[in-house]
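How do helices sit against one another inside a protein? Take a look at the model below, and we will walk through a few of its helices together.

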Amino acid sequence: MALCARVFGAPAKLAKQQVITPRRTSAPRAVARHATVDKITGIVVQPAVQFSEVQSELATVDKTNQNIQSLARVDFHPACEAAINEQVNIEYNVSYLYHALWAYFDRDNVALPGLAAFFKAGSEEEREHAELLMEYQNRRGGRVVLGAISMPDLDLSASEKGDALYAMELALSLEKLNFQKLRQLHSVADEHGDASMADFVEGELLNEQVEAVKKVSEYVSQLRRVGQGLGVYQFDKQLAAEVAAGAAA
């Protein structure tokens, strides 16, 4: 028995008497209910969001009529909502005009397939931008309101510059106007402190619009150099190849 005690420790009765019971500390009820204690540091951590704040948001959600208002809407100013709808209308108007230019250059007595393909791709791209804006409007809890689209009034054959150059200069003016409108849309977002909307306009629309202005301005310069007739025909062939390469990429 003595040998067992030396090897394995004190008898069970003695070990039981050496157990130290931790002393209880009376913590404030508020801390025990709302805060947590970090096991490593022992520091009391208060929650970042008080439950009273959640209750106020819950009251707002509870009063929302789902048939009239969006449940997803939060900090979305009506001016931002209206500006997005205006930009959607601009994108659709530009798309409609580009579609008219595609139809003109696709005619048998004009027969410039490169320009036709360029303006058709441009029409589809502007429509995609409109849909992108509409999707963002829905994500923020806004309501998409579509406006009227103006009918294009074009007479390209009457231009002394030639139909190709006139159409490309018109496209350049539209791309520049669209850039200015996007800047105004961004300004509305900044004015009302909407960081999400500002980031969306910058990342999804503005950078691409800058590239579009640069590309079309180069086409205008090239068409001014080549003149009418054979030069336009050669330009059209090169443009057709660029559009096809872009579609394949």
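Before we compare any helices, we need to know what an axis is: a line fitted to the C-alpha atoms of a helix over the stretch in contact, with angles running from 0 to 180 degrees between N-to-C directions. Two packed helices are described by the angle between their axes and the distance between the axes. Keep in mind that this is a predicted model.

Let us begin with helix 8, residues 195–226. How far apart should the ends of helix 8 be, at 1.5 Å a residue? Its 32 residues should span 46 Å, and the end C-alpha atoms are indeed 46 Å apart, so the expectation and the model agree. Helix 8 also has a bend of about 40°, located at E202. Just after helix 8 comes G227, which has a positive phi near 75°.

Now look at a partner of helix 8. Helix 7, residues 163–191, packs against helix 8 at an angle of about 160°, and their axes are 9 Å apart. Angles over 145 degrees count as roughly antiparallel, and therefore helix 7 and helix 8 are described that way. The crossing of these two helices is left-handed. Their contact involves 21 nonpolar, 4 polar and 7 charged residues.

Next, turn to helix 9. Its axis comes within 9 Å of the axis of helix 8, and the two cross at roughly 155°. That angle makes helix 8 roughly antiparallel to helix 9. Here, helix 8 passes helix 9 in a right-handed crossing. On the helix 8 side, Y219, Q222, L223 and V226 make the contact, while helix 9 contributes G231, V232, F235, L239 and E242. Sorted by class, these residues are 6 nonpolar, 2 polar and 1 charged. Looking at such positions, it helps to know that an α-helix has 3.6 residues a turn, so residues three or four places apart point the same way.

Finally, helix 9 (residues 230–248) also meets helix 6 (residues 113–139). Is helix 6 parallel or oblique to helix 9? Their axes come within 7 Å and cross at roughly 40°, which makes helix 6 oblique to helix 9. This crossing is left-handed. You can find P113, G114, L115, A117 and F118 of helix 6 meeting F235, D236, L239, A240 and V243 of helix 9. The contact has 8 nonpolar residues, 1 polar and 1 charged.

Note on methods. Residues are numbered from 1 along each chain as its sequence is written. This is a predicted model: local features need pLDDT of at least 70, side-chain atom pairs count only at pLDDT 80 or more; totals for chains, interfaces and linings use all residues. Side-chain values use heavy atoms; hydrogens and water are left out. Helices (H or I, at least four residues) and strands (E, at least two) are DSSP runs, numbered from the N terminus. Angles under 35 degrees count as roughly parallel, over 145 as roughly antiparallel, 65 to 115 as roughly perpendicular and the rest as oblique. A crossing is left-handed if the near helix is turned anticlockwise from the far one by less than a right angle, and right-handed if clockwise. Ala, Val, Leu, Ile, Met, Phe, Trp, Tyr, Cys and Pro count as nonpolar, Asp, Glu, Lys and Arg as charged, and the others, Gly among them, as polar. Contact means heavy atoms within 4.5 Å. The expected span of a helix is 1.5 Å times one less than its number of residues. The bend at a residue is the angle between axes fitted to the seven residues ending there and the seven starting there.
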